[in-house]
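Let's take a walk through a protein model together. Have the sequence and the 3D view ready, and look up each residue as it comes along.

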Amino acid sequence: MVPEGIFRRVTAMLVAVLISCVCAQTALAHREPNAGGDAGQSFYMKINAKLYEKAKTSAQVMARLPMGSYVRLISSDGDWAVIQYEQTQGFVRSSHLSADYPTLAVQMRFPRTAYVTEGTYLHFDQKASSSILRRINPGEEVEVQAIDGRWAKVLVEGQTGYTLESRLTMFSAATKRPEALKPGASGDEVMVMQRRLNKLGYLEAKPTGDYKQMTFNALRRFQAYCGLKPTGRADTDTLFVLFNKAAPQYRKWATDLTDYGDEVSGGAPAAKIINANWWESDIRSVFSVGDTARVTDVRTGIQFQVWRGGGTNHADVQPLTASDTRKMKSACGGWSWARRPIWVSVGGKTYAASMNCMHHGQGSIAGNEFDGHFCIHFTKSRTHGTDRICPVHQACIREALAAGNKK
(Lines give C-alpha, C1' and ligand atoms only; values in the text may rest on other atoms or scores of the structure.)
Protein backbone atom coordinates (compact mmCIF):
# COMPACT_ATOMS: atom_id res chain seq x y z
CA MET A 1 0.00 0.00 0.00
CA VAL A 2 1.34 3.44 -0.98
CA PRO A 3 1.73 5.80 2.00
CA GLU A 4 -0.77 8.66 1.93
CA GLY A 5 1.91 11.38 1.92
CA ILE A 6 3.68 9.93 -1.13
CA PHE A 7 0.35 9.41 -2.91
CA ARG A 8 -0.55 13.09 -2.40
CA ARG A 9 2.85 14.30 -3.66
CA VAL A 10 2.69 12.10 -6.77
CA THR A 11 -0.88 13.24 -7.45
CA ALA A 12 0.12 16.89 -7.11
CA MET A 13 3.05 16.37 -9.51
CA LEU A 14 0.80 14.69 -12.10
CA VAL A 15 -1.76 17.50 -11.84
CA ALA A 16 0.98 20.12 -12.26
CA VAL A 17 2.32 18.34 -15.35
CA LEU A 18 -1.19 18.07 -16.82
CA ILE A 19 -1.88 21.76 -16.22
CA SER A 20 1.43 22.78 -17.78
CA CYS A 21 0.67 20.65 -20.87
CA VAL A 22 -2.77 22.17 -21.25
CA CYS A 23 -1.39 25.68 -20.83
CA ALA A 24 1.34 24.96 -23.36
CA GLN A 25 -1.18 23.69 -25.89
CA THR A 26 -3.42 26.70 -25.32
CA ALA A 27 -0.51 29.11 -25.72
CA LEU A 28 0.51 27.35 -28.93
CA ALA A 29 -3.01 27.46 -30.36
CA HIS A 30 -3.54 31.14 -29.62
CA ARG A 31 0.01 32.36 -29.51
CA GLU A 32 1.15 35.87 -30.24
CA PRO A 33 4.14 36.58 -32.52
CA ASN A 34 7.63 35.83 -31.22
CA ALA A 35 10.12 38.70 -31.32
CA GLY A 36 12.03 38.30 -34.55
CA GLY A 37 11.01 34.66 -35.02
CA ASP A 38 7.77 34.88 -37.01
CA ALA A 39 8.63 37.48 -39.65
CA GLY A 40 6.83 36.79 -42.92
CA GLN A 41 4.13 34.65 -41.32
CA SER A 42 0.42 35.44 -41.35
CA PHE A 43 -1.73 36.32 -38.36
CA TYR A 44 -5.30 37.37 -37.59
CA MET A 45 -6.60 40.31 -35.58
CA LYS A 46 -8.10 39.16 -32.26
CA ILE A 47 -10.16 42.32 -31.88
CA ASN A 48 -11.08 45.51 -33.72
CA ALA A 49 -7.87 47.54 -33.74
CA LYS A 50 -6.07 50.44 -35.39
CA LEU A 51 -2.97 50.40 -37.56
CA TYR A 52 -0.65 53.20 -36.44
CA GLU A 53 2.09 55.03 -38.34
CA LYS A 54 4.42 54.70 -35.34
CA ALA A 55 4.63 52.45 -32.27
CA LYS A 56 2.44 54.63 -30.06
CA THR A 57 -1.29 55.15 -29.74
CA SER A 58 -0.94 58.91 -30.24
CA ALA A 59 0.45 58.36 -33.76
CA GLN A 60 -1.55 58.82 -36.95
CA VAL A 61 -4.05 56.02 -37.67
CA MET A 62 -3.25 54.42 -41.04
CA ALA A 63 -6.20 52.01 -41.17
CA ARG A 64 -8.86 50.30 -39.09
CA LEU A 65 -8.45 46.54 -38.67
CA PRO A 66 -11.66 44.57 -38.02
CA MET A 67 -11.65 41.37 -35.96
CA GLY A 68 -10.44 38.47 -38.06
CA SER A 69 -8.48 40.64 -40.51
CA TYR A 70 -5.69 38.68 -42.21
CA VAL A 71 -2.30 40.42 -41.90
CA ARG A 72 1.34 39.59 -42.60
CA LEU A 73 3.97 40.11 -39.91
CA ILE A 74 7.00 42.16 -40.90
CA SER A 75 8.73 42.27 -37.51
CA SER A 76 7.95 42.17 -33.81
CA ASP A 77 9.72 43.73 -30.87
CA GLY A 78 8.03 43.47 -27.48
CA ASP A 79 4.68 45.23 -27.23
CA TRP A 80 4.49 46.33 -30.88
CA ALA A 81 4.51 44.54 -34.22
CA VAL A 82 5.02 45.88 -37.73
CA ILE A 83 2.46 44.33 -40.10
CA GLN A 84 1.32 44.52 -43.71
CA TYR A 85 -2.46 44.97 -44.13
CA GLU A 86 -3.50 45.03 -47.78
CA GLN A 87 -1.18 47.71 -49.21
CA THR A 88 -0.45 49.49 -45.94
CA GLN A 89 2.31 48.87 -43.39
CA GLY A 90 2.12 50.07 -39.82
CA PHE A 91 2.23 49.20 -36.12
CA VAL A 92 -0.24 47.24 -33.97
CA ARG A 93 -0.07 45.84 -30.47
CA SER A 94 1.49 42.36 -30.54
CA SER A 95 -1.18 41.20 -28.09
CA HIS A 96 -3.86 41.95 -30.72
CA LEU A 97 -2.46 39.31 -33.10
CA SER A 98 -3.22 35.59 -33.10
CA ALA A 99 -2.03 32.69 -35.24
CA ASP A 100 -5.61 31.32 -35.21
CA TYR A 101 -8.79 32.81 -36.59
CA PRO A 102 -10.88 34.25 -33.71
CA THR A 103 -13.27 31.77 -32.13
CA LEU A 104 -17.01 32.28 -32.08
CA ALA A 105 -16.79 33.97 -28.69
CA VAL A 106 -14.11 36.41 -29.85
CA GLN A 107 -15.42 37.35 -33.29
CA MET A 108 -19.04 37.94 -32.29
CA ARG A 109 -20.59 41.32 -32.93
CA PHE A 110 -23.94 41.31 -31.23
CA PRO A 111 -26.64 40.54 -32.04
CA ARG A 112 -25.46 37.78 -34.38
CA THR A 113 -27.03 34.70 -35.93
CA ALA A 114 -25.63 31.33 -34.90
CA TYR A 115 -26.66 27.69 -35.23
CA VAL A 116 -26.97 24.90 -32.66
CA THR A 117 -24.59 22.02 -33.39
CA GLU A 118 -26.23 19.47 -31.08
CA GLY A 119 -29.38 19.25 -28.99
CA THR A 120 -29.28 21.52 -25.95
CA TYR A 121 -31.53 23.56 -23.65
CA LEU A 122 -32.45 27.19 -23.15
CA HIS A 123 -31.92 27.93 -19.45
CA PHE A 124 -33.33 30.74 -17.34
CA ASP A 125 -29.90 31.54 -15.88
CA GLN A 126 -26.20 30.84 -16.50
CA LYS A 127 -26.08 27.45 -14.82
CA ALA A 128 -27.19 23.98 -15.81
CA SER A 129 -29.31 23.62 -12.66
CA SER A 130 -31.50 26.63 -13.53
CA SER A 131 -34.98 26.08 -14.92
CA ILE A 132 -35.29 24.96 -18.55
CA LEU A 133 -37.34 27.24 -20.78
CA ARG A 134 -37.30 24.98 -23.84
CA ARG A 135 -35.24 22.51 -25.83
CA ILE A 136 -33.16 23.82 -28.77
CA ASN A 137 -32.83 21.31 -31.61
CA PRO A 138 -29.73 20.63 -33.75
CA GLY A 139 -29.44 23.09 -36.63
CA GLU A 140 -31.90 25.53 -35.08
CA GLU A 141 -31.09 29.19 -35.65
CA VAL A 142 -30.64 31.52 -32.65
CA GLU A 143 -29.77 35.17 -32.18
CA VAL A 144 -26.75 35.55 -29.90
CA GLN A 145 -26.98 38.70 -27.79
CA ALA A 146 -23.92 38.25 -25.56
CA ILE A 147 -21.30 35.70 -24.50
CA ASP A 148 -20.00 35.47 -20.94
CA GLY A 149 -17.51 32.67 -20.42
CA ARG A 150 -19.14 29.29 -21.10
CA TRP A 151 -22.62 30.74 -21.52
CA ALA A 152 -24.28 32.58 -24.39
CA LYS A 153 -27.38 34.74 -24.01
CA VAL A 154 -29.64 33.90 -26.96
CA LEU A 155 -33.04 34.70 -28.39
CA VAL A 156 -35.01 31.73 -29.75
CA GLU A 157 -38.47 32.29 -31.23
CA GLY A 158 -39.24 35.15 -28.87
CA GLN A 159 -37.72 33.56 -25.75
CA THR A 160 -34.50 34.86 -24.21
CA GLY A 161 -32.30 32.65 -22.06
CA TYR A 162 -28.89 31.04 -21.79
CA THR A 163 -27.23 28.07 -23.46
CA LEU A 164 -23.68 26.71 -23.64
CA GLU A 165 -21.48 28.64 -26.05
CA SER A 166 -19.79 25.37 -27.08
CA ARG A 167 -23.08 24.22 -28.63
CA LEU A 168 -23.15 27.16 -31.06
CA THR A 169 -21.35 27.68 -34.33
CA MET A 170 -21.12 30.14 -37.19
CA PHE A 171 -20.12 27.04 -39.13
CA SER A 172 -16.63 28.51 -39.30
CA ALA A 173 -15.30 25.12 -38.16
CA ALA A 174 -16.58 23.73 -41.43
CA THR A 175 -14.04 25.77 -43.36
CA LYS A 176 -11.30 23.69 -41.70
CA ARG A 177 -13.04 20.32 -42.18
CA PRO A 178 -10.51 17.77 -43.56
CA GLU A 179 -13.21 15.80 -45.40
CA ALA A 180 -16.20 17.18 -47.28
CA LEU A 181 -19.76 16.26 -46.33
CA LYS A 182 -21.12 14.03 -49.06
CA PRO A 183 -24.14 11.83 -49.89
CA GLY A 184 -24.61 9.10 -47.33
CA ALA A 185 -23.57 11.30 -44.40
CA SER A 186 -26.01 11.99 -41.57
CA GLY A 187 -26.15 13.90 -38.33
CA ASP A 188 -26.29 17.39 -36.90
CA GLU A 189 -23.84 18.93 -39.39
CA VAL A 190 -25.97 17.74 -42.31
CA MET A 191 -29.06 19.13 -40.56
CA VAL A 192 -27.40 22.56 -40.18
CA MET A 193 -26.45 22.57 -43.86
CA GLN A 194 -29.96 21.52 -44.93
CA ARG A 195 -31.57 24.26 -42.85
CA ARG A 196 -29.31 26.84 -44.49
CA LEU A 197 -30.08 25.53 -48.00
CA ASN A 198 -33.76 25.56 -47.12
CA LYS A 199 -33.65 29.12 -45.84
CA LEU A 200 -31.91 30.33 -49.02
CA GLY A 201 -34.47 28.56 -51.22
CA TYR A 202 -32.30 25.84 -52.76
CA LEU A 203 -33.81 22.93 -50.79
CA GLU A 204 -37.60 22.63 -50.76
CA ALA A 205 -37.76 19.44 -48.67
CA LYS A 206 -37.89 19.42 -44.87
CA PRO A 207 -34.42 19.06 -43.27
CA THR A 208 -33.92 15.51 -41.96
CA GLY A 209 -30.22 15.26 -41.14
CA ASP A 210 -29.70 12.67 -43.90
CA TYR A 211 -27.61 13.56 -46.93
CA LYS A 212 -29.70 12.06 -49.73
CA GLN A 213 -30.57 12.86 -53.35
CA MET A 214 -32.62 16.03 -52.72
CA THR A 215 -29.84 17.51 -50.58
CA PHE A 216 -27.30 16.53 -53.24
CA ASN A 217 -29.36 18.26 -55.95
CA ALA A 218 -29.93 21.36 -53.78
CA LEU A 219 -26.23 21.72 -53.04
CA ARG A 220 -25.32 21.33 -56.73
CA ARG A 221 -27.87 24.02 -57.55
CA PHE A 222 -26.30 26.33 -54.98
CA GLN A 223 -22.77 25.62 -56.22
CA ALA A 224 -23.71 26.27 -59.85
CA TYR A 225 -25.56 29.48 -58.92
CA CYS A 226 -22.49 30.75 -57.05
CA GLY A 227 -19.98 29.79 -59.74
CA LEU A 228 -18.52 26.90 -57.74
CA LYS A 229 -17.85 23.47 -59.26
CA PRO A 230 -21.20 21.64 -58.93
CA THR A 231 -19.98 18.46 -57.26
CA GLY A 232 -22.79 18.03 -54.76
CA ARG A 233 -20.15 17.62 -52.04
CA ALA A 234 -19.98 20.16 -49.23
CA ASP A 235 -16.30 21.03 -49.43
CA THR A 236 -14.48 23.88 -47.70
CA ASP A 237 -15.20 26.58 -50.29
CA THR A 238 -18.86 25.59 -50.62
CA LEU A 239 -19.52 25.70 -46.88
CA PHE A 240 -17.67 29.02 -46.55
CA VAL A 241 -19.90 30.62 -49.19
CA LEU A 242 -23.08 28.88 -47.98
CA PHE A 243 -22.78 30.16 -44.41
CA ASN A 244 -21.53 33.60 -45.30
CA LYS A 245 -23.92 36.47 -44.67
CA ALA A 246 -23.72 37.41 -48.37
CA ALA A 247 -24.85 33.97 -49.64
CA PRO A 248 -27.39 34.61 -52.44
CA GLN A 249 -31.05 33.67 -52.27
CA TYR A 250 -32.24 31.34 -55.02
CA ARG A 251 -34.78 33.50 -56.81
CA LYS A 252 -35.63 34.91 -60.21
CA TRP A 253 -34.43 38.43 -60.96
CA ALA A 254 -37.14 40.89 -59.91
CA THR A 255 -37.67 43.90 -62.17
CA ASP A 256 -40.34 45.44 -59.97
CA LEU A 257 -37.86 46.99 -57.55
CA THR A 258 -38.92 49.16 -54.67
CA ASP A 259 -39.06 52.80 -55.72
CA TYR A 260 -35.99 54.62 -54.45
CA GLY A 261 -36.49 57.65 -56.69
CA ASP A 262 -33.57 58.57 -58.90
CA GLU A 263 -31.28 56.18 -57.04
CA VAL A 264 -32.84 53.13 -58.73
CA SER A 265 -31.98 51.86 -62.18
CA GLY A 266 -35.42 50.21 -62.57
CA GLY A 267 -34.08 46.69 -63.20
CA ALA A 268 -31.30 44.88 -64.98
CA PRO A 269 -29.37 46.92 -67.57
CA ALA A 270 -30.51 46.53 -71.19
CA ALA A 271 -26.97 45.75 -72.39
CA LYS A 272 -25.41 42.34 -71.79
CA ILE A 273 -23.46 42.05 -68.54
CA ILE A 274 -19.81 41.18 -69.12
CA ASN A 275 -17.88 38.67 -67.03
CA ALA A 276 -14.36 40.16 -67.00
CA ASN A 277 -11.36 38.20 -65.76
CA TRP A 278 -9.26 40.69 -63.78
CA TRP A 279 -5.97 39.27 -65.08
CA GLU A 280 -6.85 38.20 -68.62
CA SER A 281 -9.36 40.80 -69.87
CA ASP A 282 -8.95 44.53 -70.50
CA ILE A 283 -10.94 45.56 -67.39
CA ARG A 284 -7.85 46.97 -65.63
CA SER A 285 -7.27 49.39 -68.50
CA VAL A 286 -10.96 50.11 -69.12
CA PHE A 287 -11.41 50.91 -65.43
CA SER A 288 -7.94 52.25 -64.72
CA VAL A 289 -6.65 54.38 -61.85
CA GLY A 290 -8.23 57.83 -62.04
CA ASP A 291 -11.37 56.65 -63.88
CA THR A 292 -14.94 57.21 -62.72
CA ALA A 293 -17.63 54.51 -63.01
CA ARG A 294 -21.28 54.01 -62.12
CA VAL A 295 -22.04 51.23 -59.62
CA THR A 296 -25.48 49.61 -59.47
CA ASP A 297 -26.29 47.52 -56.41
CA VAL A 298 -27.96 44.41 -57.87
CA ARG A 299 -30.26 43.67 -54.94
CA THR A 300 -31.70 47.16 -54.49
CA GLY A 301 -31.07 48.89 -57.83
CA ILE A 302 -29.47 51.86 -56.06
CA GLN A 303 -26.82 53.60 -58.17
CA PHE A 304 -23.85 55.78 -57.25
CA GLN A 305 -20.63 57.08 -58.79
CA VAL A 306 -17.16 55.89 -57.76
CA TRP A 307 -13.60 56.97 -58.52
CA ARG A 308 -10.77 54.44 -58.72
CA GLY A 309 -7.78 55.60 -56.72
CA GLY A 310 -5.61 52.47 -56.81
CA GLY A 311 -5.45 48.73 -56.24
CA THR A 312 -3.45 46.01 -57.97
CA ASN A 313 -5.18 42.71 -57.10
CA HIS A 314 -8.57 44.45 -57.36
CA ALA A 315 -9.92 47.99 -57.68
CA ASP A 316 -9.71 50.30 -54.66
CA VAL A 317 -12.42 52.94 -55.11
CA GLN A 318 -14.17 55.78 -53.30
CA PRO A 319 -17.65 57.29 -53.64
CA LEU A 320 -17.26 60.38 -55.79
CA THR A 321 -19.40 62.74 -53.65
CA ALA A 322 -21.10 62.87 -50.26
CA SER A 323 -24.38 62.10 -52.05
CA ASP A 324 -22.80 58.97 -53.55
CA THR A 325 -21.62 57.90 -50.09
CA ARG A 326 -25.15 58.21 -48.71
CA LYS A 327 -26.54 56.18 -51.63
CA MET A 328 -23.95 53.45 -51.09
CA LYS A 329 -24.73 53.29 -47.38
CA SER A 330 -28.45 53.02 -48.20
CA ALA A 331 -27.79 50.14 -50.61
CA CYS A 332 -25.64 48.30 -48.05
CA GLY A 333 -27.99 48.91 -45.14
CA GLY A 334 -25.10 50.38 -43.15
CA TRP A 335 -21.35 49.82 -43.09
CA SER A 336 -20.14 46.23 -42.85
CA TRP A 337 -17.72 43.76 -44.45
CA ALA A 338 -20.58 41.96 -46.17
CA ARG A 339 -20.07 41.37 -49.89
CA ARG A 340 -22.71 42.48 -52.38
CA PRO A 341 -23.25 41.80 -56.12
CA ILE A 342 -22.95 44.92 -58.28
CA TRP A 343 -22.79 46.06 -61.90
CA VAL A 344 -19.96 48.43 -62.83
CA SER A 345 -20.67 50.62 -65.86
CA VAL A 346 -17.60 52.21 -67.42
CA GLY A 347 -16.39 52.84 -70.96
CA GLY A 348 -19.83 52.21 -72.45
CA LYS A 349 -20.01 48.65 -71.05
CA THR A 350 -21.36 47.03 -67.87
CA TYR A 351 -19.47 44.40 -65.89
CA ALA A 352 -20.44 41.90 -63.18
CA ALA A 353 -18.57 42.63 -59.96
CA SER A 354 -18.69 42.48 -56.17
CA MET A 355 -18.04 45.07 -53.48
CA ASN A 356 -17.65 45.14 -49.73
CA CYS A 357 -19.49 47.77 -47.70
CA MET A 358 -16.72 48.99 -45.39
CA HIS A 359 -14.46 52.04 -45.57
CA HIS A 360 -10.85 51.22 -44.72
CA GLY A 361 -7.30 52.27 -45.52
CA GLN A 362 -6.56 55.56 -47.22
CA GLY A 363 -8.82 57.90 -49.22
CA SER A 364 -8.00 61.05 -51.18
CA ILE A 365 -11.35 62.68 -52.02
CA ALA A 366 -12.14 65.56 -49.69
CA GLY A 367 -15.73 66.20 -48.69
CA ASN A 368 -17.21 62.89 -49.81
CA GLU A 369 -17.93 61.85 -46.18
CA PHE A 370 -16.18 58.51 -46.72
CA ASP A 371 -13.19 57.68 -44.54
CA GLY A 372 -10.87 55.68 -46.78
CA HIS A 373 -11.76 53.43 -49.73
CA PHE A 374 -13.65 50.19 -50.40
CA CYS A 375 -12.94 47.24 -52.68
CA ILE A 376 -14.48 46.17 -55.98
CA HIS A 377 -13.67 42.65 -57.19
CA PHE A 378 -13.98 41.11 -60.63
CA THR A 379 -13.62 37.48 -61.71
CA LYS A 380 -10.39 35.93 -60.39
CA SER A 381 -9.28 39.11 -58.63
CA ARG A 382 -7.57 38.64 -55.28
CA THR A 383 -7.45 40.37 -51.91
CA HIS A 384 -4.44 42.54 -51.11
CA GLY A 385 -3.95 41.14 -47.62
CA THR A 386 -3.93 37.42 -48.45
CA ASP A 387 -3.23 37.48 -52.19
CA ARG A 388 -6.02 34.90 -52.54
CA ILE A 389 -9.32 34.73 -54.38
CA CYS A 390 -12.26 35.38 -52.05
CA PRO A 391 -14.99 32.78 -52.80
CA VAL A 392 -17.73 35.05 -51.41
CA HIS A 393 -16.80 37.88 -53.78
CA GLN A 394 -16.78 35.37 -56.64
CA ALA A 395 -20.23 34.10 -55.63
CA CYS A 396 -21.55 37.66 -55.69
CA ILE A 397 -20.05 38.21 -59.14
CA ARG A 398 -21.88 35.14 -60.39
CA GLU A 399 -25.10 36.45 -58.87
CA ALA A 400 -24.62 39.80 -60.63
CA LEU A 401 -23.92 38.04 -63.93
CA ALA A 402 -26.96 35.75 -63.65
CA ALA A 403 -29.28 38.57 -62.53
CA GLY A 404 -28.23 40.94 -65.29
CA ASN A 405 -28.44 38.46 -68.13
CA LYS A 406 -31.82 36.91 -67.27
CA LYS A 407 -34.45 37.56 -69.87
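We can start with Thr 88, which lies in strand E6, residues 88-93. Keep in mind that what you are looking at is a predicted model. Is Thr 88 buried or exposed? Thr 88 has a relative accessibility of 15%, so it counts as buried, because the cut-off for that word is under 20%. Leave out the residues up to four places away in sequence, and Thr 88 touches Leu 51, Met 62 and Ile 83.

**The nonpolar cores**

Now for the largest nonpolar core, which has 23 residues. Which of its members touch the most other members? They are Phe 287, Val 306, Val 344, Met 355, Phe 374, Ile 376 and Phe 378. Several elements each give two or more residues to this core: strands E16 (292-297), E17 (303-310), E18 (315-319), E19 (336-346), E20 (349-357) and E21 (374-377), along with helix H7 (322-332). E20 gives the most, with four residues. Apart from this core lies another one, made of 20 residues, including Tyr 115, Leu 203, Ala 218 and Phe 243.

Let's pick out Phe 374 and see what surrounds it. Not counting neighbours within four places in sequence, Phe 374 is in contact with Phe 304, Val 306, Ala 315, Asp 316, Val 317, Gln 318, Pro 319, Met 328, Met 355, Asn 356, Met 358 and His 360.

One of those contacts, Met 358, deserves a stop of its own. You'll find Met 358 in the loop between E20 and E21. Even so placed, Met 358 is buried, with a relative accessible area of 14%. With neighbours within four places in sequence set aside, Met 358 is in contact with Trp 335, Ser 336, Trp 337, His 373 and Phe 374. Take Ser 336: along the chain, Met 358 and Ser 336 are 22 residues apart, yet their C-alpha atoms are separated by 5.1 Å.

**The salt bridges**

Time for some charged residues. Side chains of opposite charge can pair when their charged atoms come close. How many salt bridges does the structure hold? There are six. Here are some of them, with the distance between N and O atoms:

| Acidic partner | Basic partner | N to O distance |
|---|---|---|
| Glu 157 | Arg 134 | 3.3 Å |
| Asp 297 | Arg 340 | 2.7 Å |
| Glu 399 | Arg 299 | 2.8 Å |

Take the pair of Glu 157 and Arg 134, which links distant parts of the chain, 23 residues apart. Glu 157 is in the loop between strand E12 (151-156) and strand E13 (159-164), while Arg 134 is in strand E10, residues 132-136. Glu 157 counts as exposed, at 69% relative accessibility, whereas Arg 134 counts as buried, at 17%.

Next comes the pair of Asp 297 and Arg 340, with Asp 297 in strand E16 and Arg 340 in strand E19, 43 residues apart. What about burial here? Asp 297 and Arg 340 are both buried.

The pair of Glu 399 and Arg 299 also links distant parts of the chain, with their positions 100 residues apart. Glu 399 is in helix H8 (residues 391-405), and Arg 299 is in the loop between E16 and E17. Glu 399 is buried, with a relative accessible area of 3%, but Arg 299 is partly exposed, with 24%.

Terms used:
Residues are numbered from 1 along each chain as its sequence is written. This is a predicted model: local features need pLDDT of at least 70, side-chain atom pairs count only at pLDDT 80 or more; totals for chains, interfaces and linings use all residues. Side-chain values use heavy atoms; hydrogens and water are left out. A nonpolar core is a set of buried Ala, Val, Leu, Ile, Met, Phe, Trp, Tyr and Cys residues joined through side-chain atoms within 4.5 Å. Buried means under 20% relative accessible area, exposed over 50%, partly exposed in between (1.4 Å probe, protein chains only). Contact means heavy atoms within 4.5 Å. A salt bridge is a side-chain nitrogen of Lys or Arg within 4 Å of a carboxyl oxygen of Asp or Glu.
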